[in-house]
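Subject: Structure handover

Hi,

Here is the structure I promised to pass on. Have it open while you read, and my notes follow below.

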Amino acid sequence: MIVEFSVLDTELYSVEHISDSAFDMSLIKNFETNDNSRGLEYYLKDAALFDEENNLSRTYLIKDKATQELAGYFSLRTGLITRQIEDEKFDSIPAIELANFAINTNYKKNHPDIKLLGFYIFKNFIIPLAECFCKYIGIHALYIYALPNERLIDHYSKMGFSRLPAEQEQFVQFHVKPKYDDGCIFMYQIL
């Protein structure tokens, strides 16, 4: 089965896999994030293709249809959520991890009139893609390990993500969270 991603395209933006076009490689070189999220910039430039080729995650580029500028990107991969169901009993739920999600600061500088681009990409590309996958495999939730920044945590909360109760969050921090997400906050939403 081949999913035609162009059905997700909106009037303003298109989506494609990172490896779909050689032209995109030049766009990626000019992608920048703010100082607090340089890891997301590094991932796109230096690790995303490796993960793509090794089936570790899929990275999607969001491009402005009018200017062909790279507006943002996100990466998805499968995973699970472990949650406490009783005292010390836990259960796992199949889920999709929003592993990377960033807006190009160069694009924002060139288009200062565009507001809430992250919300737009989330609503028009990430959620529809996750819901599409739900039709083919068992997926119950979408989750993210957010950088520990209150403004960012609030931003993800407005997108519909929730935090676990403190004791369950500690369990996830200690037992489930990947090492590369050390210090990040686990957040999820049911699809």
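A quick word on burial before anything else: I call a residue buried when its relative accessible area is under 20%, exposed when it is over 50%, and partly exposed in between (1.4 Å probe, protein chains only). Thr10 is buried on that scale, because its relative accessible area is 13%.

Some ground rules. This is a predicted model, so local features need pLDDT of at least 70 and side-chain atom pairs count only at pLDDT 80 or more, while totals for chains, interfaces and linings use all residues. Residues are numbered from 1 along each chain as its sequence is written, and side-chain values use heavy atoms, with hydrogens and water left out.

**Overall layout**

The protein chain has six helices and seven strands. Those come from DSSP runs, numbered from the N terminus: H or I of at least four residues for a helix, E of at least two for a strand. Reading from the N terminus, the order is β-α-α-β-β-β-α-α-β-α-β-α-β. Of the 191 residues in the protein chain, 45% are buried. Taking contacts (heavy atoms within 4.5 Å) with a separation of 6 or more, 66% are between residues 24 or more positions apart.

Back to Thr10 for a moment. This residue sits in the segment before β1 (13-17). Beyond its neighbours within four places in sequence, Thr10 contacts Lys65, Tyr120, Asn124 and Phe125.

**The cores**

By a nonpolar core I mean a set of buried Ala, Val, Leu, Ile, Met, Phe, Trp, Tyr and Cys residues joined through side-chain atoms within 4.5 Å. The largest one has 31 residues, and those with the most contacts inside it are Phe74, Leu98, Phe101, Ile121, Phe122, Ile126 and Phe161. Elements giving two or more residues to this core are β1, β2 (58-64), β3 (70-86), β4 (89-103), α4 (117-134), β5 (141-146), α5 (150-158) and β7 (185-190). The largest share, eight residues, comes from α4. In general, nonpolar side chains in soluble globular proteins tend to be buried together.

Ile126 is a good place to start looking: leaving out residues up to four places away in sequence, Ile126 touches Phe74, Leu76, Leu98, Phe101, Ile121 and Leu142. There is also a second, separate core of 13 residues, and Ile28, Leu40, Tyr43 and Tyr73 are among them.

Asn100 is worth a click too. This residue is in strand β4 and counts as buried because its relative accessibility is 10%. Not counting neighbours within four places, Asn100 is in contact with Leu40, Tyr43, Tyr73, Phe74 and Ser75. Asn100 and Gly39 are 61 residues apart in sequence, with 9.4 Å between their C-alpha atoms.

**The largest pocket**

I searched a 1 Å grid over the protein atoms alone; a pocket is an open set of points where a 1.4 Å probe fits, with protein on both sides within 12 Å along at least five of seven lines, and lining residues have an atom within 4 Å of a point. The largest pocket holds about 1,300 Å³ of space, where the volume is what probe spheres set on the points fill, with points joined across faces, edges and corners. Of its 42 lining residues, the closest to the centre are Asn34, Ser37, Phe101, Leu152 and Tyr156. Two or more lining residues come from each of α2 (38-53), β4, α3 (105-110), α4, β5 and α5.

Arg38 is in helix α2 and is partly exposed, with a relative accessible area of 38%. Apart from residues up to four places away in sequence, Arg38 touches Glu32 and Thr33.

**Odds and ends**

Which residues have a positive phi without being glycine? Asn55 does, at about 55°, and so does Leu116, near 55°. Asn55 is in the loop between α2 and β2, and Leu116 is in the loop between α3 and α4. Most residues other than glycine have a negative phi.

How many disulfides does the structure hold? Zero, with a disulfide taken as a pair of cysteine sulfur atoms within 2.5 Å. The sulfur of Cys132 is too far for a bond, because the closest cysteine sulfur, in Cys134, is 9.0 Å away. Cys184 is buried, at a relative accessible area of 6%.

Cheers
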